[in-house]
Amino acid sequence: MADVDYTQLEKRLGKQLLARRLKIQSHHVVRLFGAGRARLHIGNIRILHRIMRRTLKVLGIYRIGYRNAMNLRVEQNEVFFSGLPQAFDGFRILHISDAHIDDNPKLLSIIQDKAGNLDYDICVFTGDFREGTFEDYRIPSQHMAELVQNLNAPVYAVLGNHDCIEMVPLLESAGIRILLNERVVFERGKASLYLLGVDDPHYYETDDLEKATEGMPNDAFCILLAHSPQIIRKAAFSGVDFYLCGHTHGGQTCLPGGHPILANSRCRKDQRKGAWKYHRLQGYTSRGAGTSSVNVRFNCPPEITVHTLRCK
Ligand SMILES: [Fe+2]
């Protein structure tokens with residue numbers, strides 16, 4: 001990892017948060033047990049994956065689960081806001097989360113095909129580009145570079161708990177602007193729309209919403225990208241209007257009716273997937289495009305989502 005310019009990353013993320021991220025990344029214990037707001041990480045126990053895969057094969061349902069995992073849906077989510085500037089009425093965001101692309105590169109062409117037919121103003125990724133936390137991060141970064149080549153709008157993203165900070169320069173050179181507790185502003189005439197992104201709040205706890213919102217006008221219309229739903233309450237009382245996240249995979253393996261067996265995040269039940277509201281904050285938790293641990297899904301189809309913003 002000697003080729004990475006940590007000075008630039010330190011300027012953007014801050015000395016303390018970068019140091020924390022790097023320490024956690026290299027700490028052996030977190031391979032099994034979580035840091036910050038996380039607990040046990042089943043995703044890092046390889047032997048358990050093999051047992052799960054073998055069990056599903058013996059039960060004869062692995063192929064069904066794999067087919068489900070490849071059956072990517074395009075979800076449409078129309079959201080109404082009283083504070084949205086008129087100039088941004090109809091603004092479309094393509095939202096892709098949890099691709100875990102190194103675990104299943106076949107998804108690349110599936111996402112490209114589905115996204116190719118869609119209209120959107122910007123594309124956002126809410127983290128977990130990769131699956132193998134301890135494998136070479138260059139591989140998923142290359143896959144992502146291939147994927148975004150065919151997206152026809154500016155691309156913004158935040159890192160997830162599976163992503164390392166060293167991926168930032170590679171992803172950015174591919175055209176994906178990573179928001180490390182940072183923001184960008186879109187302008188149409190005199191109207192502005194703020195897009196904020198925080199670093200992973202689940203595993204690394206390197207999110208800094210205060211820094212991302214610093215100096216922003218009080219009445220600004222503001223969209224937040226965060227990997228997980230864990231800072232919803234804070235966002236709601238920090239002036240965020242729309243919160244986009246993933247991480248939960250919607251449960252990935254669910255009981256009939258879509259009830260997750262594992263929650264994978266400390267949040268309200270209704271915030272684990274799909275559209276939700278918390279006080280005046282509206283949000284959406286993506287079920288994700290990819291899979292983690294084992295390439296199967298049950299009662300929980302993968303998704304990419306088009307959010308259309310509307311004035312109330
Ligand atoms: Fe994920």
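This briefing walks through an iron site, the nonpolar cores and a handful of buried residues. Keep in mind that the model is predicted. The iron ion is held by four protein donors, namely D98, H100, D128 and H249. UniProt, in an unreviewed entry, marks residues 91-250 as "domain: Calcineurin-like phosphoesterase".

**The iron site**

- Here's who does the binding: D98 and D128 each offer an OD atom, while H100 and H249 each offer NE2, with distances to the iron ion running from 2.1 to 2.3 Å.
- Don't expect a neat geometry here, because the angles between the four donor atoms go from 86 to 175° and the arrangement therefore counts as irregular.
- If you like reading motifs off the sequence, the donor residues follow the pattern D-x1-H-x27-D-x120-H.
- H100 sits in the loop between β2 (92-96) and α5 (107-116), and D128 sits in the loop between β3 (122-126) and α6 (138-149), so this pair links parts of the chain that are 28 residues apart in sequence.

**A closer look at the donor residues**

- D98 is in the loop between β2 and α5, and the place of H100 is in the loop between β2 and α5 as well.
- D98 has a positive phi of about 50° despite not being a glycine.
- H100 also has a positive phi, about 45°, and is not a glycine either.
- D98 comes out at 0% relative accessibility, so it counts as buried.
- H100, at 1%, is buried, and D128, at 2%, is buried too.

**The annotated span**

- From end to end, the C-alpha atoms of residues 91-250 are 25 Å apart.
- Helix makes up 24% of that span and strand makes up 25%.

**Nonpolar cores**

- As a rule of thumb, nonpolar side chains in soluble globular proteins tend to be buried together.
- In this model the largest nonpolar core has 39 residues, and the ones with the most contacts inside it are L94, F125, F129, L151 and I178.
- Helix α5 supplies the largest share of this core, four residues.
- There is also a second, separate core of 24 residues, with F81, F88, L195 and I223 among its members.

**F186 in strand β6**

- F186 is part of strand β6 (residues 182-188), and its relative accessible area of 14% makes it buried.
- Leaving out neighbours within four places in sequence, F186 is in contact with F88, I122, Y156, A191, S192, L193 and L195.
- F88 is 98 residues away from F186 along the sequence, yet their C-alpha atoms are 9.5 Å apart.

**Q282 in strand β13**

- You'll find Q282 in strand β13 (residues 281-285).
- It's a polar side chain to look at up close: the Q282 side chain reaches the backbone oxygen of F80 at 2.6 Å.
- With a relative accessible area of 13%, Q282 is buried.
- Setting aside neighbours within four places in sequence, Q282 is in contact with V79, F80 and F81, with D241, F242 and Y243, and with W276 and K277.

**R12 in helix α1**

- R12 belongs to helix α1 (residues 6-13).
- This arginine counts as buried, at 16% relative accessibility, where the cut-off is under 20%.
- Not counting neighbours within four places in sequence, R12 is in contact with V168, E172, R177, I178, L180, E182 and K211.
- One of those partners, I178, is also among the residues with the most contacts inside the largest nonpolar core.

**V294 between β13 and β14**

- V294 lies in the loop between β13 and β14 (303-311), and at a relative accessible area of 2% this residue is buried.
- Beyond residues up to four places away in sequence, V294 touches H49, M52, R53, L56, Y62 and Q252.
- The contact partner L56 is 238 residues from V294 along the chain, with 9.8 Å between the C-alpha atoms.

Key
Residues numbered from 1 in each chain as written. Predicted model: local features only at pLDDT ≥ 70, side-chain atom pairs only at ≥ 80, totals over all residues. Heavy atoms only, no water. Donors = N, O, S within 2.8 Å, 3.2 Å for Na, K, Ca; no water. Tetrahedral: all angles 85-135°; square planar, octahedral: opposite > 155°, others 65-115°. Helix = DSSP H or I, 4+ residues; strand = E, 2+ residues; numbered from the N terminus. Buried < 20%, exposed > 50% of the residue type's maximum accessible area, 1.4 Å probe, protein only. Polar contact = N/O pair within 3.5 Å; in protein donor to acceptor, adjacent residues only side chain to side chain. Contact = heavy atoms within 4.5 Å. UniProt positions renumbered as here; feature names shortened; annotations may be inferred. Core = buried A, V, L, I, M, F, W, Y, C linked by side-chain atoms within 4.5 Å.
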